[in-house]
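Notebook open, coffee poured. I want to go through the salt bridges, a pocket, some odd backbone angles and a helix, in that order.

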Amino acid sequence: MEIKQKKVWLSLIVLYAITTSVLGDFGEPLLKGFYKESCPLAEEIVKHNIEVAVLKDPRMAASLLRLQFHDCFVLGCDASVLLDTHGDMLSEKQATPNLNSLRGFEVIDYIKYLLEEACPLTVSCSDILALAARDSVFLRGGPWWEVLLGRRDSLKASFAGANQFIPAPNSSLDSLIINFKQQGLNIQDLIALSGAHTIGKARCVSFKQRIVQPNMEQTFYVDEFRRHSTFRRVLGSQCKDSSRDNELSPLDIKTPAYFDNHYFINLLEGRGLLISDNVLVSEDHEGEIFQKVWEYAVNQDLFFIDFVESMLKMGNINVLTGIEGEIRENCRFVNI
């Protein structure tokens, strides 16, 4: 299916979702086209600069998508992840899941600079993150969706929250389900959003435990032992010792540069990179999750539809609207 066609029907599918307003605590809704009057070129400025950034560094698409995940799972989708340490406030960037791992801050900084030039104190950093995530997915061949806008930025960060609520790469299935439930996300959201690992790379330090993980993955394939052993030997040769902890490996070994459904095919073959990927099939004793993984593996359109629905849902976690928070002038610091 051509990308333009896919964009059209996916837009129609999510029409109901985007026309249902999401209210903040003070009753102000997130809206389609929120900046149409106050900053007409806002979405175009974000889109163009994401295109430039991804052209320069294709991995940046995954990094910007990940930024929104790590933001929304701590305090909500309020750009708290972008704040630098200042005074008594310790940045979420210093938390274990983020330190030497999150990237793309400079891309957001530059987009914010351009938006401040065009429309001072108008476009929030949290809305920039939401648009950047959507544009990054679409640029790598994934679905497009209408982003509801009107978020405002937090006045604080939560170092402790980043350590507590962001799922670890060696998480068990039970802990992942709990992590997502704490954010108001269900098991289908967990499976669909895990599909974001169809792009991007991970450091050896994040998957070293995967190399020695027992052959317990549930797969459809008869030669699972050979597949699992060969894959782990490849990973083991790359991550021989701690000196290689920062070596990178693609999360999707088959099509690392494209947003598609191969992540789920990899899981069925026992070739998910992270332990937190493989538990979707290895620890699902009732088979509900395995069934959904199988459906996504054979039906990319279904995965795209569910991914869009879950991204819209995640993007609405604890949003600040109305008179809550502020519109930061600089995404790294609260306004003076």
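**Entry 1: an Arg/Asp pair.** I started with Asp-135 and Arg-134, whose side chains meet in a salt bridge at 2.6 Å, N to O. Buried or exposed, I wondered, for Asp-135 and Arg-134? Both residues turn out to be buried. Note to self: this is a predicted model, and side-chain atom pairs count only at pLDDT 80 or more.

**Entry 2: the network.** Next I looked for salt bridges that share partners, and they join Asp-84, Lys-93, Asp-109 and Arg-332 into one network. For the whole structure I get 13 salt bridges.

I took Arg-332 and Asp-84 next: they form a salt bridge with the closest N and O atoms 3.3 Å apart. Arg-332 sits in the segment after H15 and Asp-84 in the loop between helix H4 (60–72) and helix H5 (105–118), so this pair ties together parts that are 248 residues apart in sequence. Asp-84 comes out at a relative accessible area of 18%, and since buried means under 20%, I logged Asp-84 as buried.

Then the other Asp on that arginine. Asp-109 forms a salt bridge with Arg-332, and here the closest N and O atoms are 2.7 Å apart. This pair also links distant parts of the chain, with Asp-109 in helix H5 and Arg-332 in the segment after H15, 223 residues apart. Asp-109 has a relative accessible area of 22%, so I wrote it down as partly exposed.

**Entry 3: the largest pocket.** How much space lies in the largest pocket? I get about 1,000 Å³. I pulled the lining and found 47 residues, of which the closest to the centre are Arg-66, His-70, Pro-167, His-197 and Leu-274.

I also checked which elements give two or more residues to this lining: H4, helix H8 (173–182), helix H9 (187–194), strand S3 (201–203), helix H10 (204–211) and helix H13 (275–282). Sorted by class, the lining has 25 nonpolar, 14 polar and 8 charged residues.

**Entry 4: leucines in loops.** I went after positive phi values. Most residues other than glycine have a negative phi, so I flagged the exceptions. Leu-75 has a positive phi, near 70 degrees. I find Leu-75 in the loop between H4 and H5, and at 33% relative accessibility it counts as partly exposed.

Leu-121 has a positive phi too, near 50 degrees. I placed Leu-121 in the loop between H5 and helix H6 (125–139). Its relative accessible area is 47%, so Leu-121 is partly exposed.

While on leucines, I looked up Leu-41, in the loop between strand S2 (29–30) and helix H3 (42–56). Leu-41 counts as exposed, at 56% relative accessibility. I also checked its distance to Ala-118: the C-alpha atoms are separated by 8.4 Å, with the two residues 77 apart along the chain.

**Entry 5: helix H15.** Last, a sanity check on geometry. What should the 15 residues of H15 (residues 300–314) span at 1.5 Å a residue? The expected span is 21 Å and the end C-alpha atoms are 21 Å apart, which agrees.

At the start of H15, I see a side-chain oxygen of Asn-299 reaching to within 3.2 Å of the backbone nitrogen of Asp-301. For burial in H15, my list reads Phe-303, Phe-304, Asp-306, Phe-307, Val-308, Ser-310, Met-311, Leu-312 and Met-314.

Key: Residues numbered from 1 in each chain as written. Heavy atoms only, no water. Helix = DSSP H or I, 4+ residues; strand = E, 2+ residues; numbered from the N terminus. Expected span 1.5 Å × (residues − 1). Buried < 20%, exposed > 50% of the residue type's maximum accessible area, 1.4 Å probe, protein only. Polar contact = N/O pair within 3.5 Å; in protein donor to acceptor, adjacent residues only side chain to side chain. Salt bridge = Lys/Arg side-chain N within 4 Å of Asp/Glu carboxyl O. 1 Å grid on protein atoms, 1.4 Å probe; cavity = no way out; pocket = protein on both sides within 12 Å on 5 of 7 lines; lining within 4 Å. Points joined across faces, edges and corners; volume = space filled by probe spheres on them. Nonpolar A, V, L, I, M, F, W, Y, C, P; charged D, E, K, R; others polar.
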